[in-house]
Structure formats: C-alpha cells, structure tokens
Amino acid sequence: MTQVVLYRCGTPTDVLCPCGAVARRLRKLGVDYRTERVARRRSERPEIVELTRQNRVPVLVADGEIVHDSKRI
C-alpha cells in the first residue's frame, strides 16, 4: 500500500496557497493521503529542511520519493 504524506502550511483553506492547490488535486485524483501541517515560520520547519534542504512547502512524500515543488507535484 502506498503511503502518501502532504506537508503543508497552516492555512485553513484549500484556496489561498499552493498547498491547497496540491490538496485539491490529490482529492480530485482520488489519492489517499495524510496531511502534516508545518509551522508558519520557515525557520521553524526542521522536518522540511531535513527532507528537502529548503524550508518551503508543499512537500509530497510518496513511497520514499520526495517532491517539493507544487507544480511538479
């Protein structure tokens, strides 16, 4: 079974940011995923830096593959 995790900002809606666009697309495609909200401050995102060596979201992790550009996701 594929494990998919979407690391995204804390914005409560799926309309205002690239993270929301990725969430909408995953739902449209019927992908079962888990959401992990990250800190609002980029300096407080060590888990994202560890995964991608940068501090921006969204980040999608699927079966060990890490994608960190909303257009590539």
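In this predicted model, the largest pocket has a volume of about 150 Å³. Its lining consists of Pro18, Ala21, Val22, Arg25, Leu26, Ser70, Lys71 and Ile73. Sorted by class, five of the lining residues are nonpolar, one is polar and two are charged.

The chain contains two helices and four strands. Read from the N terminus, these elements follow the order β-α-β-α-β-β. The radius of gyration is 11 Å, close to the 11 Å that the globule rule gives for 73 residues, so the chain is as compact as a globular protein of that length. Along the principal axes, the C-alpha atoms occupy a box of roughly 35 × 30 × 20 Å. Of the 73 residues in the chain, 36% are buried. When contacts between residues at least 6 apart in sequence are considered, 49% of them join residues at least 24 apart.

The interior was examined next. The largest nonpolar core is made up of 10 residues, namely Val5, Tyr7, Cys9, Cys17, Cys19, Val38, Ile48, Val57, Val59 and Val61. At least two residues of this core come from strand β1 (4-8), and at least two come from strand β3 (59-62). A second core, separate from this one, has seven residues, including Val4, Val22, Ala23 and Leu60. Val22 of the second core is also one of the residues that line the largest pocket.

Contacts of Val5, a member of the largest core, were listed without counting residues up to four places away in sequence. On that basis Val5 touches Val59 and Val61, both of which belong to the largest core as well. Val5 also touches Leu60, a residue of the second core. Arg34 and Glu36 are among the other residues in contact with Val5.

Helix α1 spans residues 18-28 and includes Lys28. The relative accessibility of Lys28 is 68%, and the cut-off for an exposed residue is over 50%, so Lys28 counts as exposed. Lys28 and Ala39 are separated by 11 residues in sequence, and their C-alpha atoms lie 26 Å apart in space. Pro18, Ala21, Val22, Arg25 and Leu26, which are among the residues lining the largest pocket, fall within the range 18-28 of helix α1.

Technical notes: Residues numbered from 1 in each chain as written. Predicted model: local features only at pLDDT ≥ 70, side-chain atom pairs only at ≥ 80, totals over all residues. Heavy atoms only, no water. Core = buried A, V, L, I, M, F, W, Y, C linked by side-chain atoms within 4.5 Å. Buried < 20%, exposed > 50% of the residue type's maximum accessible area, 1.4 Å probe, protein only. Contact = heavy atoms within 4.5 Å. 1 Å grid on protein atoms, 1.4 Å probe; cavity = no way out; pocket = protein on both sides within 12 Å on 5 of 7 lines; lining within 4 Å. Points joined across faces, edges and corners; volume = space filled by probe spheres on them. Nonpolar A, V, L, I, M, F, W, Y, C, P; charged D, E, K, R; others polar. Rg over C-alpha atoms; globule rule 2.2 N^0.38 Å.
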